[in-house]
Amino acid sequence: MGTSVQVKPLCGVYNENPLSYLVSIDGFNFLIDCGWNDHFDTSLLEPLSRVASTVDAVLLSHPDTLHLGALPYAMKQLGLSAPVFATEPVYRLGLLTMYDHYLSRKQVSEFDLFTLDDIDLAFQNITRLTYSQNYYMSGKGEGIVIAPHAAGHLLGGTVWKVTKDGEDVIYAVDFNHRKERHLNGTVLESFVRPAVLITDAYNALLSNQPPRRQRDQQFLDAIMKTLRADGKILVPVDTAGRVLELLLILEQYWEQHQLTYPIFFLTYVSSSTIDYAKSFLEWMSDSIAKSFEHTRDNAFLMKHVTLLINKSELENIPDGPKIVLASMASLEVGFSHDIFVEWAADSKNLVLFTERGQFATLARMLQSDPPPKAVKVTMSKRIPLVGEELAAYEEEQNRKRKEALKATLIKEEEAKASLGVELVPADPMIIDASIKPPSSNAAGLQHGAFRDVFIDGFVSPPSSAGPMFPFYDSSSEWDDFGEVINPDDYMIKDEDMDQASMRIDGDLNGKLDEGSAGLILDTTPSKVVSSEQTVYVKCSLVYMDFEGRSDGGSIKKILGHVAPLKLVLVHGSAEATEHLRQHCLKNVCPYVYAPQLEESIDVTSDLCAYKVQLSEKLMSNILFKKLGDYEIAWVDAEVGKTESGTLSLLPLSTPPPPHKTVLVGDIKMADFKQFLASKGIQVEFAGGALRCGEYVTLRKVGDSSQKGGGNIQHIILEGPLSDEYYKIRDHLYSQFYSL
């Protein structure tokens, strides 16, 4: 049998809930994504709590709460302790996203599901990988290789490829085939015939996405119309994901047209987000990377966007038309929630949604058709304690401190009693004569027997010791050049560096802005005051799709090209999941699964894989040809067994039979067109084919008899037999390796 593969959804099937899936490969358990929603609903994590202790590794695909929001809570409360893998942008931007969510929640509630320290602990041990980097698992996962590849949805977003014994398991959710301003499209189409493909049906019913230029222009037209009418625009955004694309669109348009309307990016970590974006250019689109390479022009040097980390800064701005991109996109909490409440009653204003709101959130309610004319919201704010409340708080704190001190004293008394030696409690000169100089290998001071101390003028007991402070003779080694030092004593560990930069700086090395750090360090006693309020929605509400996901038609084409042996569908409404499942059964592969929550399905490959050795006799007669990073050869051999009983390929005992020439490689028609033009041949595209010279036509067609369509392709060369025909055929053959 092939590699054993089981898939068990823990959250995010037949609905739009967060994503979390347990994938077992030959008994090694991967938790792929660990998402949570903006409500931080603990009931969603019950399936995860039942398997968290069995997880061997965690793979994170995107830096937003839907894909990693539950990681701090799972590690603190659910017993998740496995190593975590992600790309550098997912690690950095995911950390900022969690900071922003925590600070937003803490300002309006007594949020206690996790703390900033819990976030730090969850993220500090993440192993960061680059795109296409193979990481070889060890121990229980020996033989398994994982590699991240570009998803095209968010910066650092990942399509995970997990390989065991030559069989690939691909996890590809929330991918985007379109090239955008700051991201290249996904590389999912480069994978062909994987053993298992796990993908989502989120956009399966969405069709007819407008071209990027048309979409961007509609976005800018709506903004300019509002600004020219003296209106204000609120764009609810995520912390560090799709907002980067929106900022680039606005920045470039403002620069081209020399506009002066102010643009504000308001989150608790806005400056850190942009600082990290500046440093991640190699993860972005080719155009951004080339621009920086040639002109040192960094696309995220924002000249027209002002970064804010506090709403009070926005309130100090003179009243007038402006654009504010504020977190959170759901409008449940955060700056966007408060700004919406203030601006909703003015008909000149615009709330511009760029992504679908999560289920049961204020944003989702406002995106309904028709939108509500009035909504009830809860307004909460944190205020300092005063008067009797402050006195009661301080009294309670004093009581807790006394209880803690009392508990500490009791522990000390119990520790002394356990030594079995009587002490004189009123004697301040009692010392521990067994205290030794601290050792680097010691966990702490060791307590030994206590001695009586001679304090009067009579004859001292034989067991007494003179009162003195402990003295340690720290002898050092010396050589001809001076004192011998240990370089390790002066090394700063990576985790220490991360912890040192965790709090205050807003520069590249910091993770929190200075103002946000002030909120954390503020220990003033406070309480949260809440009130219900009815908001009459008179402003304009517009939704435009800037989610950065492939639409239904593109998803079907990509799946047809990849043509997996087995397909698992997750994350999408019941209608979208069933629609895509029926399509794939007819056009992609015969094995399509759509498991229910906590339903474990076996998608083990039907292929039989064997490991064989290549004998030295066989290898000595093989002529390899180099193909990119690989060497290839045609082998005629027979299977035998070695003395140890393992299978081995041996040379044939009879002359090998003849075989047809095999052309290895892939040709792109656009590249071949340029090649022929460089050889002086007149060439042009016509009717989906390449017209070469006067009479020869070259076309590429798929084999429709194969499920998956684009998997097998044929190149057809048509034209009368002539010198021109044979010349073009030779040029075509030169693009391949023949075996």
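A cavity, as the word is used here, is a set of points on a 1 Å grid over the protein atoms alone where a 1.4 Å probe fits but cannot get out, and its lining residues have an atom within 4 Å of a point. Grid points are joined across faces, edges and corners, and a volume is the space filled by probe spheres set on the points. The model on screen is predicted, with local features needing pLDDT of at least 70 and side-chain atom pairs counting only at pLDDT 80 or more, while totals for chains, interfaces and linings use all residues. Residues are numbered from 1 along each chain as its sequence is written, and side-chain values use heavy atoms, with hydrogens and water left out.

**Cavities**

Four cavities of 30 Å³ or more are present in the structure, and the largest holds about 400 Å³ of space. Select Asp64, Leu66, Glu355, Arg356 and Gln358, which are the closest to the centre of the largest cavity among the 26 residues that line it. Then colour helix H2 (65–68) and helix H4 (88–106), each of which supplies at least two residues of that lining; helices (H or I, at least four residues) and strands (E, at least two) are DSSP runs, numbered from the N terminus. By class, the lining of the largest cavity contains seven nonpolar, nine polar and 10 charged residues, where Ala, Val, Leu, Ile, Met, Phe, Trp, Tyr, Cys and Pro count as nonpolar, Asp, Glu, Lys and Arg as charged, and the others, Gly among them, as polar.

Move next to the second largest cavity, with a volume of about 80 Å³, whose lining includes Asn176, Arg178, Glu180, Arg215, Asp545 and Arg549. Two nonpolar, three polar and six charged residues make up the lining of this second largest cavity.

**Helix H16**

Select residues 552–562, helix H16, and show its buried residues (under 20% relative accessible area, with exposed meaning over 50% and partly exposed in between, for a 1.4 Å probe and protein chains only), among them Ile555, Ile558, Leu559 and Val562. The buried residues of H16 pack against strand E11 (196–200), strand E22 (566–570) and helix H17 (574–587), contact being heavy atoms within 4.5 Å. Just after H16, look at Ala563, which has a positive phi of about 50 degrees.

**Aromatic pairs**

Across the whole structure there are 18 aromatic pairs, that is, rings of Phe, Tyr and Trp (its six-membered ring) with centres within 6.5 Å, counted as stacked with planes under 30 degrees apart, as edge-to-face over 60 and as tilted for the rest. Begin with Tyr21 and Tyr171, a tilted pair at 6.1 Å centre to centre with 55 degrees between the planes. Because Tyr21 belongs to strand E2 (residues 20–25) and Tyr171 to strand E10 (residues 167–172), the pair ties together parts that are 150 residues apart in sequence. Both Tyr21 and Tyr171 are buried.

Continue to Tyr131 and Trp283, an edge-to-face pair at 4.9 Å centre to centre with 70 degrees between the planes. Tyr131 is partly exposed, with a relative accessible area of 25%, whereas Trp283 is buried, at 11%. To finish with the aromatic rings, select Trp36, Phe40, Tyr73, Tyr102, Phe111 and Phe114, which form one aromatic cluster.

**Last stop: Asp117**

Select Asp117 in helix H5 (residues 116–124), a partly exposed residue with a relative accessible area of 45%. The C-alpha atom of Asp117 is separated by 9.1 Å from that of Pro72, 45 residues apart along the chain.

Conventions: On a 1 Å grid over the protein atoms alone, a cavity is a set of points where a 1.4 Å probe fits but cannot get out, and a pocket is an open set with protein on both sides within 12 Å along at least five of seven lines; lining residues have an atom within 4 Å of a point.
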